[in-house]
Protein chains: 2
Amino acid sequence: MANPKLMPGLRAAIAASGLKDGGTVSFHHHLRNGDQVMNMVMDEIAGMGIADITLAASSLFAVHAPLVEHIRQGVIGAIHTAYMSGPVAHAVSRGMLRRPAVMHTHGGRARSIESGELRIDVAFIAAPTADACGNMNGVDGKSACGTLGYAVADAHFAACVVAVTDNLVPYPACPIAIGQDHVDYVVEVGSIGDPSGILSGTTRATTDPVGLDIARSATRVIAASGLLVDGFSFQTGAGGISLAVAAQLKQLMQEGAVQGSFASGGITGYIVDMLEAGLFKTLFDVQCFDLKAVESCRRNRRHLAMSASMYANPQRRGAVVDQLDVMILGATEIDLAFNVNVTTGSDGMIMGGSGGHADAAAGAKLAIVTTRLNAGGYAKITDRVTTITTPGATVDVLVTDEGVAVNPLRADLLERLRAAGIALRGIGELRALAAARATTVAQRPSGQARIVALVEYRDGSLTDVVRMVA
Amino acid sequence: MANPKLMPGLRAAIAASGLKDGGTVSFHHHLRNGDQVMNMVMDEIAGMGIADITLAASSLFAVHAPLVEHIRQGVIGAIHTAYMSGPVAHAVSRGMLRRPAVMHTHGGRARSIESGELRIDVAFIAAPTADACGNMNGVDGKSACGTLGYAVADAHFAACVVAVTDNLVPYPACPIAIGQDHVDYVVEVGSIGDPSGILSGTTRATTDPVGLDIARSATRVIAASGLLVDGFSFQTGAGGISLAVAAQLKQLMQEGAVQGSFASGGITGYIVDMLEAGLFKTLFDVQCFDLKAVESCRRNRRHLAMSASMYANPQRRGAVVDQLDVMILGATEIDLAFNVNVTTGSDGMIMGGSGGHADAAAGAKLAIVTTRLNAGGYAKITDRVTTITTPGATVDVLVTDEGVAVNPLRADLLERLRAAGIALRGIGELRALAAARATTVAQRPSGQARIVALVEYRDGSLTDVVRMVA
């Protein structure tokens, strides 16, 4: 069916969108380190001579290295993102961006878009399947990525929405994750990305004995918390220890015949297994972390896609994270006040960001940070983290290879864990151990160095700033 | 899971919503003549002494008779709706409402809500299934009604949203048609309605020989139009002749091995049969007209729910009706300019309204009106319809028991039908036949009578007014 929305190429769509110098463009990151859309679009924008663009990308990965040149040339003048790693993150840390980057949480990003604080002129949506009217889904096509949860706010609130697809199907696409009533233009390209890049970072449970030991301790904490009863809900990232917790929890739930209500967040095959084993009634999926999750999202009706706003927006009417019992969190660093850093390395170089970290910590009844005491010679438990990503007031327990520490704000939990026979240590004690074992002390940026990024909490307040690395 | 959204009753939810005199409340009509929520809520509002409410109901039926007393007492001061029949419609026609009722189309209603023209203070959503956080669906529960398409704009744009359910399930409800991020309060009641009331009006194909003859002619027109090829799309209402067209079309498509793309609108079991027979790839369902459609909506992934905005909002980025090939429309009256009245009887009494009539006529490539020449002694083909619901410029063909007339604006179609050997008559000729057979001439309201309703076109312009019936 011929349709006036169908543009002959990206450049035509950008021209039709009316994008001008100083405009804001947005992207979602479900194709993660396999994404090709952001690079293609920014190349076109650069080629059209448009400058000083604000890039509102839900996350940035190593694959986006070509953007560094656009930052250097002033094509990109500002960045809003919930996560960045690789060359773009390094360029920002080194002060190449004109204005400080804004690093929000996944829920905070949805909040800022839906509240009108972050106005998007043109949203480019990598669509694994789309029709010429703009109906799209992420579950079909050669570049299937599963849910399109992070793109929903962009599609609903951007002034102009462009679907970019490598699987243009006859009308209507089915199922429909984002509907034609939100889409202005459709562009067919050869490839939107490499779905094998979805599997960026670890998506296997650790087999390392120390990691497994930490996972066992974390699982014992969950068991002792009183939360592991029918209706239990759970979220974990895709790190090796986190996935080992999921694997052990699965066994525990099966033994105890616990019927959980839901697991949420980014979804891996481990969590899909738990759904299929009947341990959770439902999954709330904002991001498929592997191809097994993509496949489950395609065929299992109890594997629900959710928007970032439904996931974690603190200013809507109750997010899914607010219903969470247990969240397993990673940490680059954690400090004596239980503040967590997942934004920068100990040297202050940006290498991540909150994503949903601060959101889930705030929502969950029990937010557990799992980490080794040391890594790469550095102490991971510090007096004060290099960058506060997630405030300590929202973190309940720290589980390490040398024991478990409970946030003193959670006296109730302290009693429960003690009663369950879990040996507890003060976080100061763990800090001392980590320091004693450290072979290197990180050189942090000077407190007088230029501010290169603002770390925004989910409600838009600032938790910290990131300073330039020389 | 305890949840602060869960209110002990409707009154508590209304109080919490902050509804005041002069406020606007909204309702959807998927339970049609079985709905009990609107009456319950308006009784509570009346009991709380709140007055001069604007009632924004997507449709009103005979079951809503108790509202007449609230109109009389000034509890309801204004009405916005796409359809009304029964005692409320009569009360409005007799001038009981203080201000003129606004009668929009289904797409126009979504437009007015989403544009901010119609501001809803509190949306009450009859939810066949909901959890305590407000996730809801229409496909499960004893009062299952299928899609909740008309309620989506209300949920997304009302200042306060109250889910009213008779099937409160543990968190999370699954599937989710309207998410918790849009819901403020949840109220559990004994019954939201009688799902057998969904089957209001005819939902069986006519068996009357005259009706069948009209349906055969309409099917011949479709066959001759050139549109009945792969990718064909179709919509019909639930009237007896319309359903007979669907049944005949099914046979024709099977014989011709035509693979349609979609059928849309309100969905009946006849259309479900066509989906299941592979004659359409997909259904776009804004309203299930019978329990077979409800069941299909529940279990068939190709039976897609759509919002009223996606269905027909003329100010979004392309509605489903714009992709329609053929629409079969009913008519109370049709005039020499092909204007159609489905709002009032020939005596000027309100007994319906556009619903999606004007939307689908505007969108479809071929909008066919099917009607007998006469009914109840009246001529249905008139010089000028009593009330213009759907402008003649959007109506292409009239099919009657005495022949087919093509809108002179569609010379292309005239040629095609003639070439296919379909005998055509001028609409004036059909008008004359109808007049000759009429035994009664309707007494219309005086052109000086008070205006009791405004007939709004989908874009918000006025197509007509309705005057008071003495």
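## A buried serine at the chain boundary

A residue counts as buried when its relative accessible area is under 20%. A:Ser309 has a relative accessible area of 2%, so A:Ser309 is buried. This is a predicted model, and the values here are computed from it.

A:Ser309 sits in helix α11 of chain A, which spans residues 308–312. Beyond residues up to four places away in sequence, A:Ser309 touches A:Ala110, A:Glu114, A:Arg316 and A:Ala319. It also touches a residue of the other chain, B:Asp181.

## The interface between chains A and B

How many residues of chain A are in contact with chain B? The number is 45, and they meet 45 residues of chain B. The area buried between chain A and chain B is about 3,200 Å². Carbon and sulfur atoms give 49% of that area.

Three residues of chain A lose the most area to chain B: A:Asp181, A:Arg301 and A:Arg317. Together they account for 26% of what the chain A side buries.

## Chain A as a whole

Chain A has 14 helices and 25 strands. Its radius of gyration is 22 Å, and the globule rule gives 23 Å for 470 residues. The two values are close, so chain A is as compact as a globular protein of that length. Along the principal axes, the C-alpha atoms of chain A fill a box of roughly 70 × 55 × 35 Å.

Of the 470 residues in chain A, 63% are buried. Take the contacts in chain A between residues at least 6 apart in sequence: 72% of them join residues at least 24 apart. The accessible surface of chain A is about 15,200 Å². Carbon and sulfur atoms hold 52% of that surface. Chain A carries 38 positive and 42 negative charges, and their mean positions are 2 Å apart.

## Helix α9 of chain B

Helix α9 of chain B covers residues 269–276. Which residues of this helix are buried? They are B:Gly269, B:Ile271, B:Val272, B:Met274 and B:Leu275. An α-helix has 3.6 residues a turn, so residues three or four places apart point the same way.

The cover over the buried residues of α9(B) comes from several elements of chain B. Among them are the strands β11 (233–236), β12 (260–267), β13 (280–288) and β14 (303–305). The helices α8 (240–256) and α10 (291–299) of chain B are also included. Just after α9(B), B:Gly278 takes a positive phi of about 80°.

## Backbone exceptions in the loops

Most residues other than glycine have a negative phi, and most peptide bonds are trans. Both chains hold exceptions. In chain A, a cis peptide bond joins A:Cys174 and A:Pro175, with omega about 0°. A:Pro175 lies in the loop between β9 (160–165) and β10 (185–188) of chain A. In chain B, a cis peptide bond joins B:Cys174 and B:Pro175, and omega is again about 0°. B:Pro175 is placed in the loop between β9 (160–165) and β10 (185–188) of chain B.

What sign does phi take at A:Phe338? It is positive, about 70°, although A:Phe338 is not a glycine. A:Phe338 lies in the loop between β16 (333–335) and β17 (340–341) of chain A. With a relative accessible area of 1%, A:Phe338 is buried. B:Phe338 also has a positive phi, about 65°, and is not a glycine. Its place is the loop between β16 (333–335) and β17 (340–341) of chain B. B:Phe338 counts as buried at 1% relative accessibility.

## Two partly exposed loop residues

A:Arg425 is in the loop between α13 (411–419) and α14 (427–437) of chain A. Is A:Arg425 buried or partly exposed? At 27% relative accessibility, A:Arg425 counts as partly exposed. Leaving aside neighbours within four places in sequence, A:Arg425 is in contact with A:Glu402, A:Gly403, A:Val404, A:Ala405 and A:Val406. A:Leu430 and A:Leu433 are also in contact with A:Arg425. A:Arg425 and A:Pro8 are 417 residues apart along the chain, and 63 Å separates their C-alpha atoms.

A:Asp208 belongs to the loop between β10 and α7 (209–224) of chain A. Its relative accessibility is 29%, so A:Asp208 counts as partly exposed. From A:Asp208 to A:Val189 is 19 residues in sequence. In space, C-alpha to C-alpha, A:Asp208 and A:Val189 are 42 Å apart.

Methods. Residues are numbered from 1 along each chain as its sequence is written. Chains are lettered from A and ligands numbered from 1 in the order in which they are written. This is a predicted model: local features need pLDDT of at least 70, side-chain atom pairs count only at pLDDT 80 or more; totals for chains, interfaces and linings use all residues. Side-chain values use heavy atoms; hydrogens and water are left out. Helices (H or I, at least four residues) and strands (E, at least two) are DSSP runs, numbered from the N terminus. The radius of gyration is taken over C-alpha atoms; the globule rule is 2.2 Å times the number of residues to the power 0.38. Buried means under 20% relative accessible area, exposed over 50%, partly exposed in between (1.4 Å probe, protein chains only). Contact means heavy atoms within 4.5 Å. Accessible areas come from the Shrake-Rupley method with a 1.4 Å probe; for residues, only the protein chains shown count as cover. Lys and Arg count as positive and Asp and Glu as negative; His and the chain ends are not counted. The place of a charge is taken as NZ of Lys, CZ of Arg, CG of Asp or CD of Glu. Buried area is the accessible area (1.4 Å probe) that two parts lose on being put together, summed over both.
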